Amino acid sequence: YLICRVSGQNAADWMSGNHGVGFRISGGVSIETALYDVNALVKQIKDEIPNITWILLGISSGAYGDRYNSPHSILTNLNRACTPISTENVPGQPNWQTINGNGLIDFNLEDYPDRDLYSEIANAIHTAGYKVIAYMAAQGPTFLKHGETRAYDYNSKSIYVNSVADCNELTSGIITDGKCSPSARRWRKKVIDIYGNDTDSTLQLAYAELILREYANKFDGKEGRALVDGWWFDQGKYMNVPLAHEIIMEANPNAIIAFNKGTKIPLMNNNPPYEHFTGGHPNPITQTLPTDMINLPIIESMETTTDGYFESEGSYSLGHVFQMTNEKWNNGALAWDGDKTPRAIDWMSRVIKAKGAWTWNVKRSFYPYILHPEDVALLQQIYAGIPTESPTLSPTTTPTATATAAPTTAPTSRPT
């Protein structure tokens, strides 16, 4: 399964010269995952941005590895609130509107069936003619990057978890104020039970063998059609890259993989021979806005390729840019509207012309749960401005600003 370039036969060729849209859904038990209307999402895509080729959607809850949008045989049983439930039309049980309207918070999650929201969306997206790239937070349930204070149930942040009681029990009375994450602690204990220790390398091994493998096999296509065509791993520094590649290739040899690991600017094949397309992450938004000229070398590096691919150690990775429409990854004000729209058109046009790939990450709206209308309107404006024959802007609209900071190679994450 090593990645060697054969003209016209590379696994990532379907991305070359095409573009898609990424977004997040907060995983676990919530009103969003309980009531999410998959048909409304698909209708919006088909009606308003039909020319995309893929969606990039998180199985994990954005950059957080403690919640997921699909049931898991271990995680769901360890921490019931970490994967979705279906609350509608359950005999003898209140639906979400009743639960919410009556202020009920201490209802029994086990009384409700699982909802495999990710499978629902992936099936519907494929039926509509699009492909699916799965986003995964590689730091896993123990938060190898951020630490357990960022977990959904730390210090009773979740109304479905009594962290005071659970932490007291899990730590044998050492932590009595709820300042731990029961979900992280239970996962760590499970890893110790299975592997005998909880070192970082063992936690990475457990993430690959116990979490990733189950999801890769669930969406592997052995029942006639793969539900996941590609994988994009955040926090690649905190995972076992060779093992993740092996597990995915065993499940679906046609799947393609990218890792947010290594140099961000310019684009390059950072993880040979394990990546099929580049992570494409811009300079971290904690340092510069996505529109900053510091990201221009990403575009220019694409134009140095002959067919969109970057070679390293005899393997090839398709150049892919993963940009955001807003000043933050999944919320905030639009970054590319107004006088910045010509730059968005210019940069995207140049990448597509160079046979690379482009994903716009957009924020979602609530009530209904669809892509945010202002983000979609911006995408329509950008797409309309991309010429089909000569996708470059005139010199009067080419940006000339200078970068404001030096790029970083440090891995970054995005908020849910």
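In this predicted model, the side chain of N271 places a polar atom 3.4 Å from the backbone oxygen of K261. N271 belongs to the loop between β7 and α10. With a relative accessibility of 7%, N271 counts as buried, because buried means under 20% relative accessible area. Once its neighbours within four places in sequence are set aside, N271 is in contact with F259 and K261. The loop between β7 (256–259) and α10 (296–302) also holds P273. The peptide bond that leads from P272 into P273 is cis, and its omega is near 0 degrees.

A second cis peptide bond runs from Y367 to P368, here with omega near 5 degrees. P368 sits in the loop between β11 (357–361) and α12.

Helix α12 comes up again in the surroundings of helix α2. Helix α2 spans residues 38–48, and its buried residues are V38, L41, V42, Q44 and I45. Why do these residues share the same side of α2? Around the axis they cover an arc of only 155 degrees, and this puts them on the same side of the helix. A general feature of helices helps in picturing this: an α-helix has 3.6 residues a turn, so residues three or four places apart point the same way. On the other side of α2, the exposed residues are N39 and K43. The buried residues of α2 pack against two strands, β1 (19–23) and β2 (54–58). They also pack against two helices, α5 (117–127) and α12 (373–384). At the start of α2, D37 has a side-chain oxygen that comes to within 3.1 Å of the backbone nitrogen of N39.

Helix α6 can be read in a similar way. S163, D166 and C167 are the buried residues of α6. Looking down the axis of α6, one finds them within an arc of 95 degrees, so they line one face of the helix. Helix α7 is included in what covers these buried residues of α6. At the start of α6, a side-chain oxygen of N162 reaches to within 3.3 Å of the backbone nitrogen of V164. After α6 comes S172, with a positive phi near 55 degrees.

Positive phi values also turn up in two loops. S156, in the loop between β5 (131–137) and α6 (163–170), has a positive phi near 60 degrees although S156 is a residue other than glycine. Is S156 buried or partly exposed? Its relative accessibility is 32%, and S156 therefore counts as partly exposed. N89 is likewise not a glycine, and its phi is positive at about 60 degrees. The loop that holds N89 runs between α3 (75–78) and α4 (96–101). N89 has a relative accessible area of 78% and is exposed.

Helix α7, already met beside α6, also has a contact with helix α8. How are two packed helices described? The angle between their axes and the distance between the axes are used. For α7 (residues 182–195) and α8 (residues 200–218), the axes come within 10 Å and cross at roughly 90 degrees. This crossing makes α7 roughly perpendicular to α8. On the α7 side, the contact is made by W187, R188, V191, I194 and Y195. On the α8 side, T202, L203, L205, A206, Y207, E209, L210 and I211 take part. Sorted by type, the residues of this contact comprise 10 nonpolar, one polar and two charged.

Helix α8 also contains E214. E214 has a relative accessible area of 23% and is partly exposed. Which residues does E214 touch, not counting those up to four places away in sequence? They are P71, H72 and S73. The chain position of I74 gives a further sense of how distant parts of the sequence are arranged: E214 and I74 are 140 residues apart along the chain, while 9.7 Å separates their C-alpha atoms.

Definitions and conventions. Residues numbered from 1 in each chain as written. Predicted model: local features only at pLDDT ≥ 70, side-chain atom pairs only at ≥ 80, totals over all residues. Heavy atoms only, no water. Buried < 20%, exposed > 50% of the residue type's maximum accessible area, 1.4 Å probe, protein only. Helix = DSSP H or I, 4+ residues; strand = E, 2+ residues; numbered from the N terminus. Arc of directions from axis to C-beta. Contact = heavy atoms within 4.5 Å. Polar contact = N/O pair within 3.5 Å; in protein donor to acceptor, adjacent residues only side chain to side chain. Axes fitted to C-alpha atoms, helices over the stretch in contact; angles between N-to-C directions. Parallel < 35°, antiparallel > 145°, perpendicular 65-115°, else oblique. Nonpolar A, V, L, I, M, F, W, Y, C, P; charged D, E, K, R; others polar.
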